[in-house]
Amino acid sequence: MPDTEEQKQKNIQLQGIGVSSGVVTGPVFLLTTEEDRVVERSITEDEIAREVARFEDALIETRSQIHEIQEQVREAVGPESANIFDAHLLVVDDRALVDEVIRGLSVHRKNVETVLRLVADHYTQALLKVKDDYLRERAVDVRDVTRRILRNLSGASTTTMTQLEEPHILVTNDLAPSDTALLDKEKIIGFASDLGSPTSHTAIMARAMGIPAVVGLHDISVRVSTGDEILIDGNTGVLIIHPTREQLERYGKVEESRRTIRSSLTRLQGEPAETVDGYHVLLSCNIEMPDDVEAIKENGGTGVGLFRTEYLYLSRKSLPTEDEQADIYAEVASKTDPDPAVIRTLDLGGDKFLSQLKMPAEINPFMGWRAIRFCLAQPDIFKTQLRAILRASKHRNVKLMYPMVSNLDELLQANALLEECKTELREQGVAFNENIDVGVMIEVPSAALSVHLFAPHVSFFSLGTNDLVQYTLAVDRVNERIAYLYEPTHPAILRLIKNTIDVGHEHGIWTGICGEMAGNPLMVPLLIGLGVDEFSVSPSMVPMVKDVVRKLKYTQAEELAEQVLQSETGTHVMDACRDLVRTIAPEILELVS
Ligand code: PEP
Ligand code: MG
């Protein structure tokens, strides 16, 4: 049946940034941040009673939803976690708050949403100023409950992701990495957001989960509603609202052809990552959750080059204990044995925050109290993790590395704390690897220029290009407006990478790369030519990277690196990279954006 005129009119094509490949079509599930959507409206005296009634209905609805969630959590996780919701019920039943909203309707003569927000903001601000930890935490409860009441007032869908009956495409303004980690792959088949860029942690998570995703669409969350049909192409960054039949067919064919290529790459699973002329590359994987380990072997990877352990700390009410962590690290190590398992210490801050730790809001979180800076200031938290990693190091493949080190002092302080932990474990008679390999991430320009100072104190370097690019080029990695400036092939970046590798080799140290650049098949020949010893990529990218490596001659990689080190712009470098891959593995160009 041809498309109707009405359908054609509703059909809109938008361009965002494709960050996780694949085409998918389905109804929208709009996850709104209700607080941002409160529309202020003046009311007359006659309308006050109606607003009070709306408020009371919303409170009843909210109370019953909280009871329902509490029951679900009790069944799924246990009574302790369910008790958390008692605090939410106390907020709904807080007569002082409720009365203040009702009084506020007469005072401000505004709709109930506006008054509720005003009162709730007042409450949270007051609670946040209190010295008592318990009361300060109640501010979070007030915020959560307010959000729920606002949602009920707006009549927006109260369906939660777990209640969806058929698969949907999640559309949102932005999604915290911890929320992405909780997405149910059966229910959420695609992801689109207003904000974000290819190296935002949400995009990284979407890739790890193999969900097609388009980010940086600016205003998609206000253009669509739950139930609207959309199509997203995670390769090209296209999003189509109400796609026409012709578009569905066209994208269907494109996806079919990509699927054929992807499935042909599965034959490489057991093959080594070796160039035509026998140059071997260690092709490891980045993981966020312990279960991700399974995807490494499925995709033909070799061990873990980066375990982002902070995800163990997110989405929970208390910090993971030393025992819990030791078990998880040991499990990952035993599953990857004899291949390496590189465990990165906690990298909080930036775009990853814990609700259970009171980390102050910062204007520049990526340049703030993040990663090793946070850990050195919180030695108890840091040492708990270091001891857990050491305990897991009875599996000899465990290595540890520190994130975001910017000067030698930080590295020496971290190593000193590690020595303290070793002494403590020795005294307790706990087994661990005395000679555990310790590495440092090179992801701050000052670190890339200090590698000669770091080298005597570590066993390896791992280039964190996601951050190295943002800090070197002064381009916020999660800001879609300036994503065009985020150039991993910028000549300055290539120099920093080369310096790290060359200095490492002079000191007998290997250099890996675990930023997203490593998993971009177009850049792989260049990185090999620059001398990278180990690649650590999202498991889903392993087949493509391996395909390129196995069709490449090491000499071609060397020539490419030599040539582009003379290039004046990132675009020239990228063109040269693309030309080489087009010659040796043209099928890959269909799979990358
Ligand atoms: C990086 O910065 O390149 C990196 C791998 O670390 P993360 O993406 O977790 O900041
Ligand atoms: Mg980083």
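1. A good place to start is a pair of oppositely placed side chains: Glu 45 and Arg 109 form a salt bridge, and their closest N and O atoms are 3.6 Å apart. The two residues are 64 apart along the chain, so to speak, and the pair links distant parts of it. Glu 45 belongs to the loop between strand E3 (23-31) and helix H2 (48-76), while Arg 109 sits in the loop between helix H4 (95-108) and helix H5 (112-129).

2. Please keep in mind that this is a predicted model. Across the model, the count of salt bridges comes to 37.

3. Now to ligand 1, which has 17 residues around it. Those that come nearest are Arg 308, Arg 344, Gly 464, Asn 466 and Arg 477. Sorted by class, the shell holds eight charged, five polar and four nonpolar residues.

4. Some contacts are worth finding in the viewer. An N or O atom in the side chain of Arg 477 is 2.8 Å from an oxygen atom of ligand 1. Asp 467 places a polar side-chain atom 2.9 Å from a ligand oxygen, and Gly 464 has a backbone N or O atom 3.3 Å from an oxygen of ligand 1. The protein buries 100% of the 290 Å² that ligand 1 exposes when taken alone.

5. Which elements supply the shell around ligand 1? Helix H8 (201-209), strand E10 (304-308) and helix H18 (465-473) each give at least two residues. H18 gives the most, with three.

6. Finally, a word on the space itself: the one taken by ligand 1 is the largest cavity.

How values were computed. Residues numbered from 1 in each chain as written. Chains lettered and ligands numbered in written order. Predicted model: local features only at pLDDT ≥ 70, side-chain atom pairs only at ≥ 80, totals over all residues. Heavy atoms only, no water. Near = heavy atom within 4 Å. Polar contact = N/O pair within 3.5 Å; in protein donor to acceptor, adjacent residues only side chain to side chain. Areas by Shrake-Rupley, 256 points an atom, 1.4 Å probe, with all protein chains shown as cover. 1 Å grid on protein atoms, 1.4 Å probe; cavity = no way out; pocket = protein on both sides within 12 Å on 5 of 7 lines; lining within 4 Å. Sits in = over half its atoms within 2 Å of the grid points. Helix = DSSP H or I, 4+ residues; strand = E, 2+ residues; numbered from the N terminus. Nonpolar A, V, L, I, M, F, W, Y, C, P; charged D, E, K, R; others polar. Salt bridge = Lys/Arg side-chain N within 4 Å of Asp/Glu carboxyl O.
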